[in-house]
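Here are a few exercises to work through with the model open beside you. Try each task before you read its solution.

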Amino acid sequence: MGEALRRSDHDEERLSKVFAALADPTRRDIVARLTTGDHTVNELAEPYDVTVQAVSKHVKVLEDAGLVRRSREAQRRPVHLEAEVFDLMTKWIERYRRQVEERYRRLDALLDEMPDDPGDGDAAPRDTANTP
Amino acid sequence: MATTTRHETTIELDERVPLVRITREFDAPVSKVYRAHTDPDLIAQWLGPRGLETTIDQWDCRTGGSYRFVQRDDEGEYAFRGCFHELRPDELIVQTFTFEGMPDGVALEKLTFEDLGGGRTRLVTTSLVDSFEDRDAFVASGMEVGVREGYERLDELLAR
């Protein structure tokens, strides 16, 4: 099985960075707030009971993971959310959902073929009546 | 019974705890849905992803029992195992789930079967792991097949 995994080791590492960045509740909160628009580090630090430096460190982690970027030229250097990364994550979730859905459709088909339990009342296989 | 309406799976990633919640309804009575989750011959027929052959290696489906199954494709095999922690017929299955390739990671799974009446059942499955990182990685790794293109896009994005 190593074959498939080894090939994506590098990808895994990138992905781990993103997941590690989002594993922290403060960073998740920062990201949530950035979905409404860009903010400076000072603005981001306001609601928290931590130093601006601490928030700056969180932003750096998010930046290293490619989740946010800070414009270089602007004096205020607002933090900007890389929406594309999140589109990608939404896609991952959607893919996972589809995989589960596919599995459950196989279960749907199986349930249609299964005879009813004796306890279900009618012992005749109700759902198979119309299938060849 | 020509019910053609099928139900779409919904997936929720909990904000507060590293948990995934999967909800799905079935046009079948709860006893059938429960049986399809506890009878090894039945579960082997629907569990694995398409293109992977699922073999149930061990299946001791009772409170305190354990299970192991193996999925094979051209590239290799993937083994999973866990313990049945609590089984309540037509109501509840509490079990653990581990991918043997990552033996330190254990998901605590709770399957709740709800009788909706009229021969319909709602199944809610929650998987709890011990970090958001693992939870998110678990969701991402669920897409073994299609994930590579996603990774490629992520690579491009991160390379900028």
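**Exercise 1: getting to know chain B**

Of the 160 residues of chain B, what percentage count as buried?

*Solution.* Keep in mind that you're looking at a predicted model. A residue goes in the buried pile if its relative accessible area is under 20%. Sort chain B that way and 46% of its 160 residues count as buried. Next, pick out the secondary structure: chain B has four helices and eight strands. Walk along the sequence and you'll meet them in the pattern β-β-α-α-β-β-β-β-β-β-α-α. To finish, take the contacts with a separation of 6 or more: 34% of them are between residues 24 or more positions apart. The accessible surface of chain B is about 8,100 Å², with 49% belonging to carbon and sulfur atoms.

**Exercise 2: the same tour for chain A**

Work out how many helices and strands chain A has, and in what order they come.

*Solution.* Count first: there are six helices and two strands. Now start at the N terminus and read off α-α-α-α-α-β-β-α. As for burial, 38% of the 132 residues in chain A are buried. Among contacts between residues at least 6 apart in sequence, 42% join residues at least 24 apart. The surface comes to about 7,600 Å², and carbon and sulfur atoms own 51% of that.

**Exercise 3: a helix with two sides**

Check the span of helix α5 of chain A, then find which of its residues are buried and which are exposed.

*Solution.* Begin with the span. Helix α5(A) has 13 residues, 52-64, and at 1.5 Å a residue they should span 18 Å. The end C-alpha atoms are 18 Å apart, so the expectation agrees with the model. Next, list the buried residues: V55(A), H58(A), V59(A) and L62(A). Look down the axis of α5(A) and these buried residues fall within an arc of 100°, so they line one face of the helix. Over on the other side, Q53(A) and K57(A) are exposed. Finally, see what follows the helix: G66(A), with a positive phi near 80°.

**Exercise 4: into the cores**

Find which residues of the largest nonpolar core touch the most other members, and which element gives the largest share.

*Solution.* This core holds 36 residues, and the ones touching the most other members are Y104(A), L107(A), L111(A), W46(B) and F113(B). The elements giving two or more residues to this core include α6 of chain A and, from chain B, β2, α1 and β7. The largest share, six residues, comes from α6(A). Now zoom in on Y104(A): setting aside residues up to four places away in sequence, its partners include I22(B), F26(B), W46(B) and T125(B). There's also a second, separate core of 25 residues, with L22(A), V68(A), V85(A) and M89(A) among them.

Follow up T125(B), which sits in strand β8 of chain B, residues 120-128. Its relative accessible area is 9%, so T125(B) is buried. Beyond its neighbours within four places in sequence, T125(B) is in contact with Y104(A), V20(B), R21(B), I22(B), K110(B) and L111(B).

**Exercise 5: two cysteines**

How many disulfides does the whole structure have?

*Solution.* Recall that a disulfide is a covalent bond between the sulfur atoms of two cysteines. Search over all chains and you'll find zero. Then check two cysteines for exposure: C61(B) is partly exposed at 24% relative accessible area, and C83(B) is partly exposed at 42%.

Key. Residues are numbered from 1 along each chain as its sequence is written. Chains are lettered from A and ligands numbered from 1 in the order in which they are written. This is a predicted model: local features need pLDDT of at least 70, side-chain atom pairs count only at pLDDT 80 or more; totals for chains, interfaces and linings use all residues. Side-chain values use heavy atoms; hydrogens and water are left out. The expected span of a helix is 1.5 Å times one less than its number of residues. Buried means under 20% relative accessible area, exposed over 50%, partly exposed in between (1.4 Å probe, protein chains only). The arc is that of the directions from the helix axis to the C-beta atoms. Contact means heavy atoms within 4.5 Å. Accessible areas come from the Shrake-Rupley method with a 1.4 Å probe; for residues, only the protein chains shown count as cover. A disulfide is a pair of cysteine sulfur atoms within 2.5 Å. A nonpolar core is a set of buried Ala, Val, Leu, Ile, Met, Phe, Trp, Tyr and Cys residues joined through side-chain atoms within 4.5 Å.
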